[in-house]
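Work through the exercises below with the sequence and the coordinates at hand. Each task is followed by a solution in steps.

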Amino acid sequence: MRSQPKKLLRRWSVLSSELMWPLAKPAIGVSGKTGTWRLQRPVFDSSKCIKCRLCWLYCPDSTIDINEEGANFITINYDYCKGCGICSNVCPAKAITMYPEE
Amino acid sequence: MPINIKDLPKEKFVLPGDAACPGCPENMGLRFVGMALGDKAILVIPAGCTSIIQGLAPGSGLKFPILNVPFASSDSVAAGLSSAKKILGEDAVVVVWAGDGGTADIGFATLSGAAERNDDIIHICVDNEAYMNTGIQRSSQTPLGAWTTTTWSGKKERKKDLPLIMLMHRVPYVATASVAYPIDFIEKLRKASTMKGFKYIHLHAPCPVGWRFDPSLTVFMARLAVETGMWILFEAEGGRVNISPPSKPYADKNRRKPIREYLAMQGRFRDITEDIIKELEKQVEDNWSLLLRLTT
Amino acid sequence: MVLKTLTGNYAVATAVKLARVKVVSAYPITPQTTIVEKLSEMIESGELEADMIRVESEHSALAAVYGAASGGVRVFTATSSHGLLYMHEMLWWVAGSRIPVVMAVVTRTIGPPWNIWTDHSDIMDQRDTGWLIAFAENNQEALDETIKLFRITEDERVFLPGMVTLDAFILSHTTEPVNVPDQNIVDAFLPPRKQPYVFRAGEPIVMGNIPKDLKWNMMMREDIHRAMERAKKVVEEADYLWEKLVGRRYGGLTECYRCEDAKHFMVGVGAWVGDMREAVDRLRERFGLKVGLVKIRYFRPFPREDMIKWLNNAMSVVVFDRSVSPSIGGPLYLEVLASMTSAGVRAPVKNVIAGLAGVDVTYEDLTNVMLASVSEVEELGTFKQSTLWFYGGE
């Protein structure tokens, strides 16, 4: 009768008493790979980028990262980018273009 | 001295892959809270979109310490928590992150009580102008004429002026902000966090799903709200009202963009009439002139 | 130890002070008001080092102490009747969060019509919330049990909130002699506060977001149930330790008065248990009837095992309820009956519903009810009617 709860306990390998509090800890991808939600994807053209950082600032999902050094000033985390298009909309240099996701 | 975008912390408090809709202004706002307050913040969150955005336990898509609480309780819980931290000599900035429902409607009593007592907390109202989490029902913050699932022919009442109500509570700090102006919001939040007593920040948060516009336009819409004068950025320290720089140009009504532009871009105003547009224009003018009279 | 004449409310306030509570928040409602006023006075004079949050409603009162408790400090609130109902949502939230909080409830009936007098409707309405519920019979017990609840709720085998109740006006506003324990006794009895987790800046834990696995949620509910069962032992231990420190013994979850050779039993909770004692003495001395009294001290956790123990060989049981669940009967009756039936203990059980809306019930009333019950059951071997609505004073 308690077999299912025991399975859950083993799966999370936590002390059973800790398990009984309604607590959670920060985790990336709590909703899974939200990149699969995309209908369109942002594509970055590094040659146009003026390093204003507005895309990073406004991205609602923290999926744009800034690389202070290196060829590409930003990288987009496509595992989690939801394809909202805000980065493309705010970019003053038109360095990000939205393309339909396959 | 305005904060330089380069100096904003990069630590992620909104983690990739949370449950927010694409283009969500609450997700955006929470990132700004993380940039403003970082590790110092403890959030108290009543029922609303952000309750869901956190995602499913035992995981959380947000990296703040968060106490989720019943709808009508947030400011009281925060007041208690703030008191406990003081008693224990532990530094913390206790922030209520509540939607317009949890602030202006079901949460109104707890908000007003905490403000009147000058409890040492920050209350951020993240205002998407309807009960979005339950599926776009009208709130007191829904503007006149807007469609919602409980106002199919448009809301008949005007938006309840919460910032002015909070001003009349005579609390140390009242401000409005917008997701389109993150530096302004972050500065206001940091300033509030250095003050004692009750601080109120009303964050305008256009919702693509509820207002019916493309998710890429969230920032654009928030900016247009300011540019048409429909949303006014100001702050009041100790009751002294000052219009914030992004809104200053629009004190002059000739510089405001026509509100028709704003209304035309949102599906929730699709069936709006001329009369209502005229009424909204009048409200914008009245709001501005009242606020300007309150400035020093 | 000092002997003082205190009302029930002041006894509770004194207990809160001795427990070194750090945050108090309450909204006034007759007849709880004087608890809050006394605590306010104590805080402002410095007699109690605590913060008082003068909230605008009961819902906010429990919310405020819950917030403070989640932040790691000992807290207290008090309410009655409509106030208790108003904070009902928060009661569930606090228990589900597993944050120890202690509250005093001055039991008062529920309107309409408006009525400030006692019955147990308000408290019985909270029985599923996950809070421990202890009933005080007199002001001494109100003081003692308030202190004990801090220890019991903060025990890691429990980690649930708890309420101590006292009847409106009968206890809350009536002065009785009360032994006030010394501060150092209470300090020895109450260890530093423990709780399952504390909210701190820089420690990102999230409480209460939607669970992915619903069975996990159900397990949490089961754990509350188990913790409540574990609390039985913790209550008994606390009682035993308290007796060693102050010399007052209460018997744990229940007390059985003159039960050794009893054939007919009275069962009840709250202030009128004192009147039931008088009735038992009368029935024995004047009428030669072998009657005993089971005083239920803790309604949650429900002392099922004690019921079976005390009533195992009963010839009849009369359960007195000061509240009712319409169409089925008083909650005490239902739970006593369920406890007996679950262990195959057979005896006729009668439910007497009395004293609702503050109707006064004297020890003479109780004696008369028992006289009639005992003669009925000795003649018929059963109760013709299992429920009696008793108005008294006939």
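The exercises concern a predicted model and go from a chain contact to a sheet and then to a core.

**Exercise 1.** Describe the contact of chain A with chain C, and state which elements of chain A contribute two or more residues to it.

Solution. Start with the totals: chain A supplies ten residues and chain C supplies 17 residues. Next, assign the residues of chain A to elements. Helix H1 (3–12) and strand S1 (23–26) of chain A each give two or more residues to the side that touches chain C. The largest share, four residues, comes from S1(A). Last, sort this side of chain A by residue class: eight are nonpolar, one is polar and one is charged.

**Exercise 2.** Find the strand of chain C that pairs with S1(A), and give the sense of the pairing.

Solution. The partner is strand S9 (residues 206–207) of chain C, and the two strands pair in the antiparallel sense over two bridges. To locate one of the residue pairs, take Leu23(A): its bridge partner in S9(C) is Met207(C).

**Exercise 3.** Trace the seven-stranded sheet of chain C and explain why one side of each edge strand has no neighbour in the sheet.

Solution. First write down the order, which is S3-S2-S4-S5-S7-S6-S13 in an open sheet with mixed pairing. The edges are strand S3 (51–53) and strand S13 (298–300) of chain C; each has a single partner strand, so one side of each is left without a neighbour in the sheet. On average, neighbouring strands are turned by 20° against each other, direction ignored.

Then examine one pair. Strand S6 (residues 132–135) and strand S7 (residues 162–167) of chain C run parallel and are joined by four bridges. Within this pair, Ala134(C) stands opposite Val164(C) of S7(C).

**Exercise 4.** Determine which strands of the sheet are touched by H3(C), and which strands helix H7 of chain C lies across.

Solution. H3(C) packs on strand S2 (23–25), S3 and strand S4 (75–79) of chain C, and its direction makes about 165° with that of S4(C). Helix H7 (residues 139–153) of chain C lies across strand S5 (102–107), S6 and S7 of chain C, and runs at about 170° to S7(C).

**Exercise 5.** Identify the residues that touch the most other members of the largest nonpolar core, and follow the contacts of Met266(C).

Solution. The core has 249 residues, and those touching the most other members are Val12(C), Val65(C) and Met266(C). By element, helix H3 (residues 58–70) of chain C gives the most, with eight residues. For Met266(C), set aside neighbours within four places in sequence; its contacts then include Met276(C), Val291(C), Phe320(C) and Met370(C).

Terms used. Residues numbered from 1 in each chain as written. Chains lettered and ligands numbered in written order. Predicted model: local features only at pLDDT ≥ 70, side-chain atom pairs only at ≥ 80, totals over all residues. Contact = placed C-beta atoms within 7 Å. Nonpolar A, V, L, I, M, F, W, Y, C, P; charged D, E, K, R; others polar. Pairing = 2+ DSSP bridges. Core = buried A, V, L, I, M, F, W, Y, C linked by C-beta atoms within 7 Å. Buried ≥ 20, exposed ≤ 12 C-beta atoms within 10 Å, placed from the backbone. Axes fitted to C-alpha atoms, helices over the stretch in contact; angles between N-to-C directions.
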